[in-house]
Amino acid sequence: MYCYQCEQTKDGVGCTEFGVCGKDPTTAALQDLLLYATNGIGAYAHRARQLGARDPMIDRFVIEALFTTITNVNFDPARLDALVAHAIELREQARELYEQASRSAGHEPEVLAGPASWQPAPTLDARLAQQSEISIDARKVRLGEDVVGLHELLTYGMKGAAAYADHALILGQEDEAIWAFFHEALSFLASEPTNIDALLSMCLRCGEVNLRIMELLDAANTGAYGSPRPTAVRIEPIAGKAILVSGHDLRDLEELLKQTEGTGINVYTHGEMLPAHGYPGLKRFAHLAGNYGGAWQDQQKEFDTFPGAILMTTNCIQKPRGGYLNRIFTSGLVAWPGVTHITNSDFKPVIEAALAEPGFSEDGASRTITVGFARDAVLGVADTVIQAVKDGAIRHFFLIGGCDGAKPGRNYYTDLAQLVPNDCVILTLACGKYRFNKLEFGEVAGIPRLLDIGQCNDAYSAIRIATALADAFDTDVNSLPLSLILSWYEQKAVVILLTLLHLGIRNIRLGPSLPAFVTSTVLNVLVETFGLAPITTPEEDLAAILS
Ligand code: SF4
Ligand code: SF4
């Protein structure tokens, strides 16, 4: 196997024998084959769409296939092998769609090669052998490291964008331009492009399209559950039966809250589900009791001690320990072999497992943290903020956000947040915030110094806040007293970075290490064009930012 799509990749280079995340070589190979077949779907679907023909089933499959291969989503080779077979069926449907549309338009259809004509071998072993021809290693030999790195940057960007598009679609929001882009970009990759400028340009377009996707997801979330409001969230349990919900899928959480009403079960959020407490449509459930634990990488020890059932709605799942294997469940695209998967939002098995467990025997202390500082909440106090900046009461804004992770070096973000001077505001989002969100930061100019904007997709809210402030000061985002210090782990963070670069945002600091798939040639372009920089030490970065 060869996988270098996430930040924890082995030795910062690549996982070659087994994934640091727990992905085995069979799962890795099947993910590669699924992506290859999906490129083939894109080759036909893109051409069909240009001739006015589309199939919503194909549109949906493409984003699910991409999302399925994100880090910590699907570790089940049986499900992935079935998806490869389904991808080939849909590719043939896309081919027919294209050929019919082409003939109707009076053209002889193109005959496409590569992923558009690939046929999976009849046995699993033979299919796994086929993967060696399309692996990253094989392509590096054929196309060179820079080109393959950019192919992967685009693929990972699309994976992240697909995750957000899937969440938006679940809540009824979609846009034809988004489907068109996915198919165009997959078709582009199917042609094995080698032009560095064209590849970089497509990566930035991916960032541009992701901005629209995050806008749609924002509309989906706020349309379904209202605009987040500042909300104090309990971080200690209360006595009683309990279910813990992790991941990013608000619809699953809502369904579970409905199905547990009146059962006496308290529902807790974990990881990226924490921001759910800020939505009026979710916090109306009195048994949404609080948040338990921290970011995803702490799940094995936290789930072990949680005395109830656990539901993983999207990434990030880690190998379940035996202590909770019989009371953890997956939904949506998440899968782990042997873990019960919930379909059709029927959470009865989760509820039964929670009732069979002891639950919490007593109340914990009454400690809370505050969430819900999304764009409406922050812009609601924009006049106060703007005046405070003009008066010099607020000196600088730090956006310290992104993914958390297990590797050493992420204490940088805790240390930096603690070193930020008292006359500065810290904006945060995504699970990286668990590095410091239980610390006390106090207030500045009458507003909290730490503002939790939400999940990683709420980067859209952060962008809206930044552009509104820039408008108020009659300048651009790069001229604001605002610095972005981001932590990345997986592919959703990759696409958010592409979105920020598409917007022309400069001087982003990125850590804890730079992506292994970004070669020195590509990094030089990003440094020269956008001023992208690796983090150094909290003291050094802080001094440079405030100088
Ligand atoms: S997803 Fe990350 S940890 Fe898992 S195999 Fe790939 S690079 Fe390694
Ligand atoms: S922010 Fe990234 S790493 Fe954290 S839970 Fe979400 S997807 Fe996973």
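Tutor: A residue is buried if 20 or more other C-beta atoms lie within 10 Å of its own, exposed if 12 or fewer, and partly exposed in between. The structure discussed here is a predicted model.

Student: Is Glu-192 buried, exposed or partly exposed?

Tutor: Glu-192 lies in the loop between helix 7 (176-190) and helix 8. Although Glu-192 is not a glycine, its phi is positive, about 50°. Because Glu-192 has 15 C-beta neighbours inside 10 Å, its class is partly exposed.

Student: Is Asp-11 buried or exposed?

Tutor: Asp-11 is found in the segment before helix 1 (25-50). Asp-11 is not a glycine, yet it has a positive phi of about 55°. Because 9 other C-beta atoms lie within 10 Å of Asp-11, this residue is exposed.

Student: Is Tyr-225 buried or exposed?

Tutor: Tyr-225 belongs to helix 8. Leaving aside neighbours within four places in sequence, Tyr-225 is in contact with Leu-250, Tyr-279, Pro-280, Gly-281 and Leu-282. Because 21 other C-beta atoms lie within 10 Å and the threshold is 20 or more, Tyr-225 is buried.

Student: How many Å apart in space are Tyr-225 and Thr-123?

Tutor: In sequence, Tyr-225 and Thr-123 are 102 residues apart. From C-alpha to C-alpha, their separation in space is 47 Å.

Student: Which helix gives the largest share of the side of domain 1 that touches domain 3?

Tutor: The domain assignment gives domain 1 (10-224), domain 2 (231-356) and domain 3 (374-546). The contact between domain 1 and domain 3 takes 32 residues from domain 1 and 21 residues from domain 3. On the domain 1 side, helix 6 (145-170) and helix 8 (196-225) each supply at least two residues. The largest share there, 14 residues, comes from helix 6.

Student: How many charged residues are on that side of domain 1?

Tutor: The C-alpha centres of domain 1 and domain 3 lie 30 Å apart. The side of domain 1 that touches domain 3 has 15 nonpolar and 10 polar residues. Its charged residues number 7.

Student: What is the handedness of the crossing of helix 2 and helix 3?

Tutor: Helix 2 (residues 56-68) packs with helix 3 (residues 77-104) at an angle of about 150°, and their axes are 11 Å apart. Helix 2 passes helix 3 in a crossing that is left-handed.

Student: How many nonpolar residues does the contact of helix 2 with helix 3 have?

Tutor: From helix 2, Ile-58, Phe-61, Ala-65 and Thr-68 meet Leu-83, Ala-87, Leu-90, Gln-93 and Ala-94 of helix 3. By class, this contact has no charged residues and 2 polar ones, while the nonpolar residues number 7.

Student: Between which domains does ligand 2 lie?

Tutor: The shell around ligand 2 has 14 residues, and the closest are Cys-316, Cys-403, Ala-430, Cys-431 and Cys-456. By class, this shell has 8 nonpolar, 2 polar and 4 charged residues. Because two domains both give residues to the shell, ligand 2 lies between domain 2 (231-356) and domain 3 (374-546).

Student: What is the omega of the peptide bond from Asn-315 to Cys-316?

Tutor: Cys-316, one of the closest residues to ligand 2, is placed in the loop between strand 5 (309-312) and strand 6 (328-331). The peptide bond from Asn-315 to Cys-316 is cis, with omega near 25°.

Student: In which loop is Pro-512 placed?

Tutor: The peptide bond from Gly-511 to Pro-512 is cis, and its omega is near 0°. Pro-512 is in the loop between strand 15 (509-511) and helix 18 (520-530).

Definitions and conventions. Residues are numbered from 1 along each chain as its sequence is written. Chains are lettered from A and ligands numbered from 1 in the order in which they are written. This is a predicted model: local features need pLDDT of at least 70, side-chain atom pairs count only at pLDDT 80 or more; totals for chains, interfaces and linings use all residues. Domain bounds come from an automatic or database domain assignment. Two residues are in contact if their C-beta atoms, placed from the backbone, lie within 7 Å. Helices (H or I, at least four residues) and strands (E, at least two) are DSSP runs, numbered from the N terminus. Ala, Val, Leu, Ile, Met, Phe, Trp, Tyr, Cys and Pro count as nonpolar, Asp, Glu, Lys and Arg as charged, and the others, Gly among them, as polar. Axes are lines fitted to C-alpha atoms, for helices over the stretch in contact, and angles run from 0 to 180 degrees between N-to-C directions. A crossing is left-handed if the near helix is turned anticlockwise from the far one by less than a right angle, and right-handed if clockwise. A residue is near a molecule or strand if its C-beta atom, placed from the backbone, lies within 6 Å of it.
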